[in-house]
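Me: Could you take a close look at the spot where the ligand sits and walk me through what surrounds it?

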Amino acid sequence: MTNASPKLSANAETGNLADRLRRVRGRLARAVAQSGRTPHSVLLLAASKAQPPETIRAAYALGLREFGENYVQEAVGKIAVLPDDIVWHFIGPLQSNKTAAVAAHFAWVHSVDRCSIARRLSAQRPAHLAPLNICLQVNISAEVSKSGFAPGAIASAYAQIRQLPRLRVRGLMAIPRASDTYAEQFAACDALRRLRDNTDPNLDCLSMGMSADLEAAVGAGATIVRIGTALFGPRTTKVTS
Ligand SMILES: *Cc1c(COP(=O)(O)O)cnc(C)c1O
């Protein structure tokens, strides 16, 4: 029982990840069933910030193909060494001096929170790549500390951003205020859903739901849940951009 060979501990890691993935898939399946939705209507996006390439490769081996990253430099290094068929989503705060790298390396950006960032991403999206999928981030709980458009600013931002030739606006994204109650979690997610419906019901994406509130998010209509801790365990390394 004291065997600590590298091989065994690597297997133990994989086992933990496999168990956690099974639990997350179970939570998603129950939430989807309870809200009368179809299993494939919700994408599990693995929020892999601070996770090393080996961990992402282990998740890939378990079938995950879509990963969300927050820090441009960290992500670009990982993208370079990981399989080509991974779909990379940028989900973190985006500064204008990092838009070119994001436009070149990612398929999605969930965190577009200013029209100027959208214009840069469109102008910088390489011609050989498909248009960049984006979500407009909404500060749905009106928190001073959170980025995102105010709900009242979405209609005009959407009207401008949807004209940009190299972007494809897919929907809205939010990080609601943390809450322990399903009712509060649901209310915030439902507000994002209604905002989407009022902005353009043809927008097919609602990026909401994290480890703590994925059931409420799915109940309110999430199409992409961004799951970190519940898949990978607590993040030990603090990363900065
Ligand atoms: C880290 C992160 C997540 C995942 O959060 P967990 O609570 O660890 O599941 C989701 N979305 C964004 C934008 C994040 O930065």
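Reply: Here's a tour of the ligand site, with a quick stop at another pocket afterwards. Keep in mind that this is a predicted model.

Let's start with the shell. The residues around the ligand are Ala47, Lys49, Asn70, Ile91, Ile175, Met210, Ser211, Arg226, Ile227, Gly228, Thr229 and Arg235. Sorted by type, that shell has five nonpolar, four polar and three charged residues.

Now for the polar contacts. On the oxygen side, a polar side-chain atom of Lys49 comes to 2.7 Å from a ligand oxygen, and an N or O atom in the Ser211 side chain sits 2.5 Å from an oxygen atom of the ligand. Arg226 deals with nitrogen instead: a side-chain N or O atom of Arg226 is 2.9 Å from a ligand nitrogen. As for cover, the ligand on its own would expose 380 Å², and the protein buries 89% of that.

The space the ligand takes up is the largest pocket, with a volume of about 550 Å³. It's lined by 25 residues, and the ones closest to its centre are Lys49, Ile175, Met210, Arg226 and Arg235. By type, the lining splits into nine nonpolar, nine polar and seven charged residues.

And that other pocket? The second largest one has a volume of about 300 Å³. Its lining counts 13 residues, with Arg25, Leu28, Pro39, Val42 and Leu44 closest to the centre. Helix H1 (6-34) and strand E1 (43-47) are the elements that each give two or more residues to this lining, and H1 gives the most, with four. Here the split is eight nonpolar, two polar and three charged.

Methods. Residues are numbered from 1 along each chain as its sequence is written. This is a predicted model: local features need pLDDT of at least 70, side-chain atom pairs count only at pLDDT 80 or more; totals for chains, interfaces and linings use all residues. Side-chain values use heavy atoms; hydrogens and water are left out. A residue is near a molecule or strand if one of its heavy atoms lies within 4 Å of it. A polar contact is a pair of N or O atoms within 3.5 Å; within protein, one must be able to donate a hydrogen and the other to accept it, and residues adjacent in sequence count only if both atoms are side-chain atoms. Accessible areas come from the Shrake-Rupley method with a 1.4 Å probe; for residues, only the protein chains shown count as cover. On a 1 Å grid over the protein atoms alone, a cavity is a set of points where a 1.4 Å probe fits but cannot get out, and a pocket is an open set with protein on both sides within 12 Å along at least five of seven lines; lining residues have an atom within 4 Å of a point. A molecule sits in a cavity or pocket if more than half of its atoms lie within 2 Å of its grid points. Ala, Val, Leu, Ile, Met, Phe, Trp, Tyr, Cys and Pro count as nonpolar, Asp, Glu, Lys and Arg as charged, and the others, Gly among them, as polar. Grid points are joined across faces, edges and corners, and a volume is the space filled by probe spheres set on the points.
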